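Visitor: Please choose a single spot in this model and take a close look at it with me. After that, I'd love to hear about other places that help me understand it.

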Amino acid sequence: MYCFIEVVVPLALDATFTYLVSETEFDYLQVGMRVAVPFGKSKVYTALVIEKHHRKPELYKAKEIQEILDGGVVVTPIQIEHWKWISNYYMCSIGEVYRAAMPSRLLLESETLIHFNTATTVDPKELSDQEFLVYEALQFQAILKVEEIVAVLNKKTVFPIIQSLLEKGVVYLHEELIERYKPKQLRYIRLTEAYEGDEGLASLLEIVSRAAKQREFVLKYFQLQATYKKPISVKELQEETGVTPSVIKALVDKGVFEEYYLNQDRVVFQEDEQASFVLSEAQQEAMSEIEEQFESKDVVLLYGVTASGKTEVYIKLIEEILKQGGQSLFLVPEIGLTAQLVSRLVAYFGNQVAVYHSKYSQNERVEVWGQILADSEKAQVIIGTRSALFLPFANLKLIVVDEEHEASYKQQDPAPRYHARDAAVVLAMQSKAKVLLGSATPSLETYYNAFQSKYGLVKLTTRFSNVILPDVVLVDLKEKYKRKEMTGHFSDVMVSEINQALSLGEQVILFQNRRGFSPVVECMTCGAVPECPHCDVSLTYHKYRNELRCHYCGYASAMPKQCYRCHSVDLDTRGFGTEQVEEELFSLFPNKKIARMDQDTTRGKYGFEKLLDAFQKREIDIMVGTQMLAKGLDFDNVNLVGVLNADNSLYHPDFRAHERAYQMLTQLGGRAGRKEKKGRVIIQTYNPYHNIIQQVTNNDYEGMYKEQMYERYIFKYPPFYRLVRLNLRHREFEKLKDASLWLYNNLRDQLAVPVLGPEEPAINRIRNQYIRVILIKIPQDKPLVSTKKQIQRILKSFEAIGGYRSVKVTINVDFY
Ligand SMILES: Nc1ncnc2c1ncn2[C@@H]1O[C@H](COP(=O)(O)OP(=O)(O)OP(=O)(O)O)[C@@H](O)[C@H]1O
Ligand SMILES: [Zn+2]
């Protein structure tokens, strides 16, 4: 009887593929192992086994696999189920999910580029014969394709050799070049093997017997080691013992100690006694309610006002799960936020905490992957951004989704375009785990689900320290300008509030939702506005570099001296961004330390962390920034938050604009007065009577919810309708127009649901590609699965039309 396996290849292909294996291989292989398979004419991919069977493929002759790559399962059956769900629901291929989910080191393929690591410390003598051959080849050519290594070794099966070279640090993958992030590393020393144990100790003392300083250090090292019971960094050793670097160096040279490096957040941590805390009565109550609701509900929303201490409730819940021996996943919307949280969790749980996000190196990702799969001690609490959802949990019992309303949980590009909160709910169901969603400003969908009793709902209505929520003061910009009570973009109210806060030694946060100096440069003579040559947007003026930049494609040009159209020199700027606010602050508060937090200042290594750190240490008096500031940060010396112009967040061509504006302003305000005294939020606006502004002022989430839900209902938006958006792109305007019309007509005629478009979006060209959008609205009472199938069928016929093949179509389900 023939033996076959069904595999997924990491490509955007609809199908899975059948390969032939021997009986022995068949017995050995398990679902969730990786195999190297030949594919197409000459390619080799790392494929994933998802089924074993005896069904001969009808349309093609099954090829044989090249080799088995794993000794055990690396992907669990639950993961495979989950990936299938993602691929079905978000209308992408399971190959795309597989590719996104796995650390790229686990996905070698024939085209992978292997770089020689010039910083390698490996002694070639320690390499196997075959490894050495590759090493040697790399001396002549520092970058090899996997297929070239095949030629060098004159054998087909080379992935395990490359894997081993990767682990030894002799080579790295081309993809890893792009990982600019170098985690902060600390230097450690430890006794070399020769000097371990009693015998070792005797010879060690012998060696240092004639060097007093070295002997003294060695003894102190033993003492410290005994008290700390964890690795002590060289820096700590120097501080504790007063030893000079030269003494340590001498001991390393003698081979007594060896140096090694650990990433700061991967050090084996110990719990910090001081990290323990007791829940307040309100928190305790919330916690019991959550546990109670978990008995009947799989998902519970913790709706707690800002600074109510939701994190502490999460921590206690996770602790309960730990006691039962289960793994917990703690999802955060952005990497920048992990630092504050990791230290909080690590202090509490010690080395049971693992971290996983896209800035982690491939090595670390592979390591964490293995630990989670093995249900290791070190991976009981996993903190991560959305991609942590793809990890191989062996025993997942709880998923916490913090700030569940955050848009960054949705992956926009590339596929899989999944929403991590929603995918988490499904993963939990498949894993028989529970989900806790937390927010001070829940998304409408989530609140609706709670409202419908699909999710449980627990409220925390008071701040932890019982401080009252901040007062909101509205400043009417129209009035202020009329009465000439403005200095630049600052009203007199804003200036005096800032002065008062500063005089009390407090720090201030200011918000302007635009980076750069001013968004638009305009010719005062003819009104022309410089635009990006590749995108349909105006360029943003960045004063610091005196250039115009496109925020969509990164195009930059020097600030022109004359209008490109009428050559007038009378150019002026309209609107304003963080850079301009910062400049005005310098002149308004000349003696104060002012910093700016936006994409431009946080780009570098640790940019974000450094700013947060400095602010925490009170080295900054006023911090001005974009929406980055609104996200879950916890500072205890901020009682004043100012919004320079609330209006531009109100007017976005997006059905969620109002909900988002409410969330943003409330979250921003939530940074004020978290610890001791009631804070103040100053909002400058031209529309003080706008409903959203009023709802923010009155802290009226329910009011906002009711009003927005009404609009969603009337205008056919989620949660009443499901949205599927198709984006079509092409360089040629006419071709795109034809193609999108064809697609639209077919969708409209064949689907029994509303289809809108094909529309030109507000920005109708990016990177020289024109864009058209088709929107499909699926009402709640129409079957989702079959409608999606129909859409896919129509797309297939679309692709089959020769003239349209070059038009790129992307599908985005729940794109908002
Ligand atoms: N039980 C407790 N014991 C000691 N400190 C606490 C406790 N609960 C909360 N805090 C402190 O109160 C502050 C606010 O808590 P936390 O950051 O968890 O609020 P949050 O609800 O997550 O707020 P936000 O939604 O604004 O992010 C923190 O500084 C936290 O350390
Ligand atoms: Zn551009």
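Guide: Let's begin at Arg 618, which is partly exposed because 14 other C-beta atoms lie within 10 Å of its own (20 or more would make a residue buried, 12 or fewer exposed, and anything in between partly exposed, with C-beta atoms placed from the backbone). Please keep in mind that this is a predicted model, where local features need pLDDT of at least 70 and side-chain atom pairs count only at pLDDT 80 or more, while totals for chains, interfaces and linings use all residues. Residues are numbered from 1 along each chain as its sequence is written, with chains lettered from A and ligands numbered from 1 in the order in which they are written.

Arg 618 sits in the loop that links α21 (607–616) to β29 (622–625) (helices, H or I of at least four residues, and strands, E of at least two, are DSSP runs numbered from the N terminus). Its phi is near 65 degrees, a positive value in a residue other than glycine. Most residues other than glycine have a negative phi, and most peptide bonds are trans.

Ser 453 makes a good companion, with a positive phi near 65 degrees although this residue is not glycine. You will find Ser 453 in a loop too, between α17 (444–451) and β18 (456–460). Ser 453 counts as exposed, since 10 C-beta neighbours lie inside 10 Å.

Now for the peptide bonds. The one from Ala 415 to Pro 416 is cis, with omega near 0 degrees, and Pro 416 lies in the loop between β16 (396–401) and α16 (420–431). Gly 757 and Pro 758 are also joined by a cis peptide bond, with omega about -10 degrees. Pro 758 belongs to strand β33 (residues 755–759).

For some buried residues, turn to the cysteines. An unreviewed UniProt entry places a "binding site" at Cys 523, Cys 526, Cys 563 and Cys 566 (positions follow the numbering used here, feature names are shortened, and annotations may be inferred rather than shown by experiment). Cys 523 is in strand β23 (residues 520–523) and is buried because 21 C-beta neighbours lie inside 10 Å. Its contacts, leaving aside neighbours within four places in sequence, include Cys 563 and Cys 566 (contact means C-beta atoms, placed from the backbone, within 7 Å). Cys 563 lies in the loop between β26 and β27 (571–574), and this residue is buried because 21 other C-beta atoms are within 10 Å.

The unreviewed entry gives another "binding site" at Cys 532, Cys 535, Cys 550 and Cys 553. Cys 550 is in the loop joining β25 (547–549) to β26 (556–558); with 20 C-beta neighbours inside 10 Å, Cys 550 is therefore buried. β25 and β26 pair in the antiparallel sense over three bridges (pairing needs at least two DSSP bridges), and Glu 547 has Ala 558 in β26 as its bridge partner. Both strands belong to an open sheet of three, ordered β24-β25-β26 with antiparallel pairing. Its edge strands, β24 (540–542) and β26, each pair on one side only.

Technical notes. Contact = placed C-beta atoms within 7 Å.
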